[in-house]
Structure formats: C-alpha cells, structure tokens
Number of protein chains: 2
Amino acid sequence: MNLPPVIQAFVLHFGEMGSRWGINRTVGQIYALLYVSPEPLCADDMVDRLGMSRSNVSMGLKELQSWNLVRLMHKPDDRKDYFTTLGDIWQIVRTLVEERKKREVDPTLSVLRELLMQNPAMADEQHAQDKMREMYEMIEMLCGWYDDVRRLETERLMQLLSLGAKVQKILEVKDRLFALPGGRSKEPAGKEG
Amino acid sequence: MNLPPVIQAFVLHFGEMGSRWGINRTVGQIYALLYVSPEPLCADDMVDRLGMSRSNVSMGLKELQSWNLVRLMHKPDDRKDYFTTLGDIWQIVRTLVEERKKREVDPTLSVLRELLMQNPAMADEQHAQDKMREMYEMIEMLCGWYDDVRRLETERLMQLLSLGAKVQKILEVKDRLFALPGGRSKEPAGKEG
DNA sequence: CACATATTTCAGAAATTTCTGAAAGTTGAG
DNA sequence: CTCAACTTTCAGAAATTTCTGAAATATGTG
C-alpha cells in the first residue's frame, strides 16, 4: 500500500469491517479510499495506492456500481474512467440501507410469505409458522417505519434522531391532551390519521 | 437434512442470509432451527435434523452463546445440554443490534477517534480527516438515538415505529406552539430538555 | 481499418473459511 | 477411582471465496 498513514489505517479498518458484514475486503478498501479522496480516482490510482491487481480493482468497482455506491466520471481529454462516492455520509447510509433491503430483506419477506401459505402437516410445522409470522410482522413493521423516515430530508431526520426517545414524552403529552373519557387514549398509535 | 419441508426451507434461507451478513451458514441454520422449535434441542437433535457433524454443531453453539443468542438448559435426569433461543423476536433483534454495536461500531468509533487525533501531514490527510469526522459524527448521532430507544419497552417501541414520520408532524405542531417572536423556533431540536 | 489506450472477463492459483473425525477433556454415578 | 455419557478441541481436509495474469473486448483517433 502506498498511502499516508492516517488514510491507510482508515482503509484497512474498513476493509476488515466490510468483510465482517459480508462485503469483500478489497471492495471495502476501494470504497474507503474513494470516500476520503478529495478528487475522483481512476483504476490505476487505486492499483498504485492499494497494491492490488488491476483486475481486482475492476471487479470491485463493478460491484460498487451495482450497489449504487460509486459514480463514474470522465475528465476532458482523458479516456480513463474516474470514480467518486456520491453524496454525503447520510446519503451513503441511505443507499446502503436501501440496497440491503432490496437484496436481503425483501426476498426474506417473500420467502416468509410463501412459507406461511403452506398447510402445516404437523404440530411442529404449525408452531414454526407461528414463529415465522411473528418474525414477518416485525420485519413489516420495521419496513413501514423505514419507508416513512427515508422520505425525510436529512435535516429533519437528524432532528428526529437527536430527539431520541423524547418523542415518547411528546406522545404522552398528546395522549393526555386528546384522552377521551372512555379510555380510548390507550389504543396503540396507528399509521392512519 | 431431516426436517419438515416448511422448516427446512426456513432453515436454509436463514443459513443463506447469515452468510451474507458475515455469519457462518451453519450457525445461521442452527439458530433458525432453534428459533422455530417448540422445545429446547440438544446437540444430537441438531446433528440429526441439520445433517452436520457433531463438532460443527458444538462450535456453532459456542458461537451463538458468545452472542447471547442462545440459552443453555438442562432437563431433570438428563446430562445433555439443551438449547433455546431467548425472548421474542424483538428481544432477539435487540440482542443482535447490541452485540454488533459492541463488536463493530464501538471499535470503529475508537479507530476514528484515534485517527482524528493525528496531525495531518499533507492536504490529502487533512481532507480525509474531515470526511472521517463527518462519519464519526453520524455514527455518534445514530448511537445516541439507539441508546435512547433501546430503553423503551417493546410496546412503546412499536408505537413509535407505527408512527413513523408522523412524529415529524407532531414536532411541527410543537414548534409552532412554542415559537418565540425572535424566530428561535428554527433551532434544531437538541437532546437537552 | 490499424493502432493505442483502457476496461472486462475468466480460468486457475492463492487465501481464507468452514467442516470433520479423532482424540482429549469434563462430569456425575457407582 | 473407573466408567459411561457427553462436550470440546484441533489439525488437517474440503469447500468457498478472493485474487491474479493473460487474453479478449471495447473505444476513440487518425
């Protein structure tokens, strides 16, 4: 590797992290390098700095493009492809979550839905389906929440995150304010309304 | 494998998912099987049903115990170790998040903190540190939020999730209610009181 | 088209991870 | 202590994933 020490440490760490999250180590390194680079880099830059083969860089970039994590650019009078990460860190996280949902969560929901349609042949299958339903409903709930918050502007999202569980307190106030004599204030907050 | 079809499909799918998230396929299978089993299972049960070696099951269970995902039990007059998953699906997700934070997020924060202390030797390092700071601050913010919501009871958490971005509307109402003439209502919502 | 420059593909090599059987370790009962 | 029942360890085998160099492909230029 041919990088200033601080950048090298960062790149190595994110290579490791990547591989713990099912992302190829070198793909993690390429992305980390792009993330901290002030200018777009071409494949040969990455070969120089990361010390991996040209073909490996090529495959890594292809992978990153398929994840929408990287954008291809050109410079005038230069036939090389240059790459950058796109957006700020919040946009990056949004993209990561979106892609992982598409690739792993949605297919899991499909599988669960399909298995829940089957007729249980025995008691164990019946019980298994109950557990699968429990899981299905949780994932659906998380997806519903995600679908809602992903539309927020980053500014608003950060506001919400800063609030944390204090939202809870606001809800309690709301509950008290709108409490009806019949005790309807205890009904769970629904999405409608 | 020696499992009813619905359970087998579930176990296989979660083995796949596990391996996409950096969890060994067979560990995923063991956990999936335990999750849908109505009764605690012993290692030999798992060997029978999953068709893997006894030693593999032993290692998988050790791994799952280190993640606090599985509890060891005993039956009267039986020297075997029996295992179950613990808690409902929400508790499971909490445990997963907690452990992953401990193993991956916290160490990442340490690395970033350390790298941000270094004196940048050149312009590129300076820029890299700016990007690392951006990342560090985002992770801190997410952790702060997590630290808040993880304390909520599941019932409350679900309520919050169902609300989704509607919390936003409540905030807007609050902003209007407490708006001061000087325009202070536009300050970002802080964690302090 | 021929050439130079650049990228991609892919078969096999290398590295890593996972899995297994055999041996060693542990534990409770007699 | 000895035995039987059970679990863990671990070195090497097997499987999988990653990486590479060489060849193929693509593309802009004259």
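The exercises below, each with a worked solution, concern a predicted model of protein chains with DNA strands C and D.

**Exercise 1. Confidence**

Determine which element of chain A has the lowest mean pLDDT and which the highest, and where pLDDT stays under 50.

Solution. Start with the whole chain: the mean pLDDT of chain A is 90, and 92% of its residues reach 70 or more. Next, take the elements of chain A: helix H8 (residues 166-178) has the lowest mean pLDDT, 74, and H2(A) has the highest, 98. Last, look for the weak stretch: over residues 183-193 of chain A pLDDT stays under 50. For that stretch the model has ten contacts beyond four places in sequence.

**Exercise 2. Helix H2 of chain A**

Compare the span of helix H2 (residues 25-36) of chain A with the expected value, then decide why the helix can be called largely enclosed.

Solution. Step one is the length. H2(A) has twelve residues, and at 1.5 Å a residue they should span 16 Å. The end C-alpha atoms are 17 Å apart, which agrees.

Step two is the N-terminal end. A:Asn24 caps H2(A) there, with a side-chain oxygen 2.8 Å from the backbone nitrogen of A:Thr26.

Step three is burial, for which the cut-off is under 20% relative accessible area. The buried residues of H2(A) include A:Thr26, A:Gln29, A:Ile30, A:Tyr31 and A:Tyr35. Eleven of the twelve residues are buried, so H2(A) is largely enclosed by the rest of the structure.

**Exercise 3. Strand E3 of chain A**

Find the strands that pair with E3(A), and state which residues of E3(A) lie on each side.

Solution. First, the partners. Strand E1 (residues 41-42) of chain A runs antiparallel to E3(A) and is joined to it by two bridges. Within this pair, A:Leu41 stands opposite A:Phe83. Strand E2 (residues 70-73) of chain A also pairs with E3(A) in the antiparallel sense, over four bridges. Here A:Arg71 has A:Thr84 as its bridge partner.

Second, the faces. In a regular strand the side chains alternate between the two faces of the sheet. In E3(A) (residues 82-85), A:Tyr82 and A:Thr84 are on one side, with A:Phe83 and A:Thr85 on the other. These four residues are all buried, and both faces of the strand are covered.

**Exercise 4. DNA strand D**

Identify the residues closest to DNA strand D, and give one contact to a base.

Solution. Of the 16 residues that surround DNA strand D, the closest are A:Thr26, A:Ser53, A:Ser55, A:Arg79 and B:Arg54. Sugar and phosphate account for 61% of the strand D atoms that come within 4 Å of the protein.

Now take single contacts. A backbone N or O atom of A:Ser53 lies 2.9 Å from a phosphate oxygen. A polar side-chain atom of B:Lys62 is 3.0 Å from a phosphate oxygen of the strand. For a base, the side chain of B:Arg79 has an N or O atom 2.9 Å from a base nitrogen. Among the elements, H4(B) gives the largest share of the surface near strand D, four residues.

**Exercise 5. DNA strand C**

State which residues come nearest to DNA strand C, and which element gives the most to the surface near it.

Solution. Nearest among the 16 residues around strand C are A:Arg54, A:Arg79, B:Thr26, B:Ser55 and B:Arg79. Phosphate oxygens of strand C lie 2.7 Å from a side-chain N or O atom of A:Arg54 and 2.6 Å from a polar side-chain atom of B:Thr26. B:Arg79 places a polar side-chain atom 2.5 Å from a base oxygen. H4(A) gives the most to the surface near strand C, with four residues.

Notes. Residues numbered from 1 in each chain as written. Chains lettered and ligands numbered in written order. Predicted model: local features only at pLDDT ≥ 70, side-chain atom pairs only at ≥ 80, totals over all residues. Heavy atoms only, no water. Expected span 1.5 Å × (residues − 1). Buried < 20%, exposed > 50% of the residue type's maximum accessible area, 1.4 Å probe, protein only. Polar contact = N/O pair within 3.5 Å; in protein donor to acceptor, adjacent residues only side chain to side chain. Pairing = 2+ DSSP bridges. pLDDT = per-residue confidence, 0-100. Contact = heavy atoms within 4.5 Å. Near = heavy atom within 4 Å.
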